[in-house]
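Q: Please take a close look at the ligand site for someone new to this structure. After that, continue to some other places in the chain that deserve a look.

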Amino acid sequence: MIETTVCVIGAGPAGAAAALQLQQFNIPCVVVDKAVFPRDKVCGDGLSGKVLTCLNRINPEIGTRLMEFQAKQGSWGVTFVAPNRASLDVAYRPVYDKAQEPSAAGYVCKRMDFDNFLVDELKRCEQVQLFEGQSIDKYELQPDGYVLRDNAGTFVVKAQVVIVANGAHSGFTKEVAKITMEPRHYIAGIRAYYQGVTGMHEDSFIELHFLDELLPGYFWIFPLPNGEANVGVGVLSEVVRKKKLNLKKMLQDTLEKDPVLSKRFENAELLGTVDGYGLPLGSKRRTLSGDRYMLTGDAGYLIDPFTGEGIGNALYSGRIAAQQVKAALEANDFSATQLKKYDDEIYRVLGPELQLSTRMQKLVQRPWLFNLLLRIGMRNKQLRELMSCMFYEVDLRKRLTRPSFYLKLLLNR
Ligand SMILES: Cc1cc2nc3c(=O)[nH]c(=O)nc-3n(C[C@H](O)[C@H](O)[C@H](O)COP(=O)(O)OP(=O)(O)OC[C@H]3O[C@@H](n4cnc5c(N)ncnc54)[C@H](O)[C@@H]3O)c2cc1C
């Protein structure tokens, strides 16, 4: 049996951030992932500004290494396409000059590469013991810690506290924290990689196509290095069930029959298979901690309900969990009462954005309203900022929580 202070289950963005922050505090931890890296994860591969901000906060050297990392594609903005097919380009920064300032506000990086970058960072850490290819499937709370085991009972870890970071299908979340999937708060997503899609923006804007039948979800095309693109569809599970949607067929039909997109995909080649995975949304407040555990990232249902962005929130939540481990160690208290401070901090930091995005998600369910918003956006700088900052600028997002912002928006129409 391996004995440790902290066991982190999962080495994706949430688990990696937790372990990297624990290293900064000099707190030893064991990280266990059932996969062997590099491994794929179904995702849009979009990295928002939050990703770099959080990694820099953990350790600026990691941020510098990510900037030097070659496998990512810089992106300078978003193209929104409304249900009526009107489109609006919104740059992340109102004025930008790629020659003067080559660093972009956003990136697209295959998770195969990005998650492996994070795991390589873990391998640099003296206090982190990483086990790949080992699964944690059983959890037993004892008076002095959690005993965690694989199904066979051959791999056993005992830890004073557990950081649960094993993603959207976390057994711990269901069995111990008793949080179950609710179709109203969950997105079904599929992703494909393509080579040779034409008509991409010259500054690698990511594209969000809010097609009628997908609302409040969308179809996306995100540009990758080497002429590849991440293409996918995400739709609220409630809508998928109600309309009995077959997302893979919808993707295929859209690419073959849509008058605009079919031309752009005429000579495009599908690389590999079309794969699906769930997005647990933070559109509802939940209890994320209990005796000796904290739920982070997708295991804590922290994906932004409007943008579908989860990597940034996974990193933030992992870092916050590590901070709470430090506080719990200092207090020598791993009780649910002590760890409730994790929930308080998560909802203090991420809560306002999650609430706002929940409102935005409801707003765009109506195609006519979305068409109208886009029409206003074509003339209104503030609304364009709102739309771009939904994705990339955390500080700008704070403005969105002020009612005066909306008042000004309406008055300036
Ligand atoms: C179709 C789709 C598109 C998306 N697009 C974007 C996007 O463009 N941008 C964005 O920011 N977010 C996007 N997301 C969300 C994003 O993928 C997640 O929010 C993010 O991966 C969460 O990170 P995590 O570390 O919590 O979980 P994960 O990345 O899922 O990592 C969990 C880790 O735990 C391991 N694990 C699982 N079970 C066990 C076990 N029993 N024992 C040990 N290890 C285990 C897994 O192997 C994995 O490495 C998308 C999601 C989907 C499905």
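## The ligand and its surroundings

A: In this predicted model, an oxygen atom of the ligand sits 2.9 Å from a polar backbone atom of Ala-14. An oxygen atom of the ligand is also 3.4 Å from an N or O atom in the side chain of Lys-41. A nitrogen atom of the ligand has a partner as well: a polar backbone atom of Gly-46 is 2.9 Å away from it. On its own, the ligand has 1,000 Å² of accessible area, and the protein covers 94% of that.

Several elements give two or more residues to the shell around the ligand: helices α1 (13–24) and α9 (311–331), together with strands β2 (29–33), β14 (218–223) and β16 (269–280). The largest share, three residues, comes from β16. There are 39 residues around the ligand, and those that come nearest are Asp-33, Gly-44, Gly-46, Arg-111 and Asp-298. Gly-46 thus appears among the nearest residues and also supplies the backbone atom 2.9 Å from a ligand nitrogen. Sorted by class, the shell consists of 17 nonpolar, 13 polar and nine charged residues.

The shell can also be read by domain. Domain 1 is made of the segments 2–68, 110–181 and 282–353, and domain 2 of the segments 74–108 and 182–280; both give residues to the shell, so the ligand lies between them.

Pro-13 lies in α1, which is one of the helices with two or more residues in the shell. With a relative accessible area of 7%, Pro-13 is buried, because that value is under 20%. The chain separates Pro-13 from Gly-310 by 297 residues, yet the C-alpha atoms of the two are 9.2 Å apart.

From the ligand, the description can move along the chain to places with unusual backbone geometry. In the loop between β2 and β3 (46–47) is Pro-38. The peptide bond that joins Phe-37 and Pro-38 is cis, with omega at about 0°. The β2 strand before this loop is again one of the elements with two or more residues in the ligand shell.

Two residues that are not glycine have a positive phi. For Lys-244, phi is about 50°. Lys-244 belongs to the loop between α6 (237–243) and α7 (247–257), and its relative accessible area of 73% makes it exposed. For Asn-332, phi is near 45°. The loop between α9 and α10 (336–349) holds Asn-332, which counts as exposed at 62% relative accessibility. Both values are over 50%, so Lys-244 and Asn-332 are classed as exposed.

Helix α7, which follows the loop of Lys-244, contains Gln-252. Gln-252 is partly exposed, with a relative accessible area of 46%. Gln-252 and Ser-262 are ten residues apart in sequence, and their C-alpha atoms are 9.8 Å apart in space. A similar description applies to Asn-56 in helix α2, which runs through residues 49–58. Asn-56 counts as partly exposed at 31% relative accessibility. From Asn-56 to Leu-66 there are ten residues in sequence and 9.6 Å in space, C-alpha to C-alpha.

Thr-173 lies in helix α5, residues 171–175. Thr-173 is buried, with a relative accessible area of 3%. The side chain of Thr-173 reaches the backbone oxygen of Ala-299 at a distance of 2.8 Å.

The cysteines come last. Cys-109 counts as buried, with 1% relative accessibility. Cys-125 takes part in no disulfide, and the nearest cysteine sulfur to it, that of Cys-29, is 8.0 Å away. A disulfide needs two cysteine sulfur atoms within 2.5 Å, which means that a separation of 8.0 Å does not qualify. Cys-125 also counts as buried, at 11% relative accessibility. Over the whole structure, the number of disulfides is zero.

Terms used
Residues are numbered from 1 along each chain as its sequence is written. This is a predicted model: local features need pLDDT of at least 70, side-chain atom pairs count only at pLDDT 80 or more; totals for chains, interfaces and linings use all residues. Side-chain values use heavy atoms; hydrogens and water are left out. A residue is near a molecule or strand if one of its heavy atoms lies within 4 Å of it. A polar contact is a pair of N or O atoms within 3.5 Å; within protein, one must be able to donate a hydrogen and the other to accept it, and residues adjacent in sequence count only if both atoms are side-chain atoms. Accessible areas come from the Shrake-Rupley method with a 1.4 Å probe; for residues, only the protein chains shown count as cover. Helices (H or I, at least four residues) and strands (E, at least two) are DSSP runs, numbered from the N terminus. Ala, Val, Leu, Ile, Met, Phe, Trp, Tyr, Cys and Pro count as nonpolar, Asp, Glu, Lys and Arg as charged, and the others, Gly among them, as polar. Domain bounds come from an automatic or database domain assignment. Buried means under 20% relative accessible area, exposed over 50%, partly exposed in between (1.4 Å probe, protein chains only).
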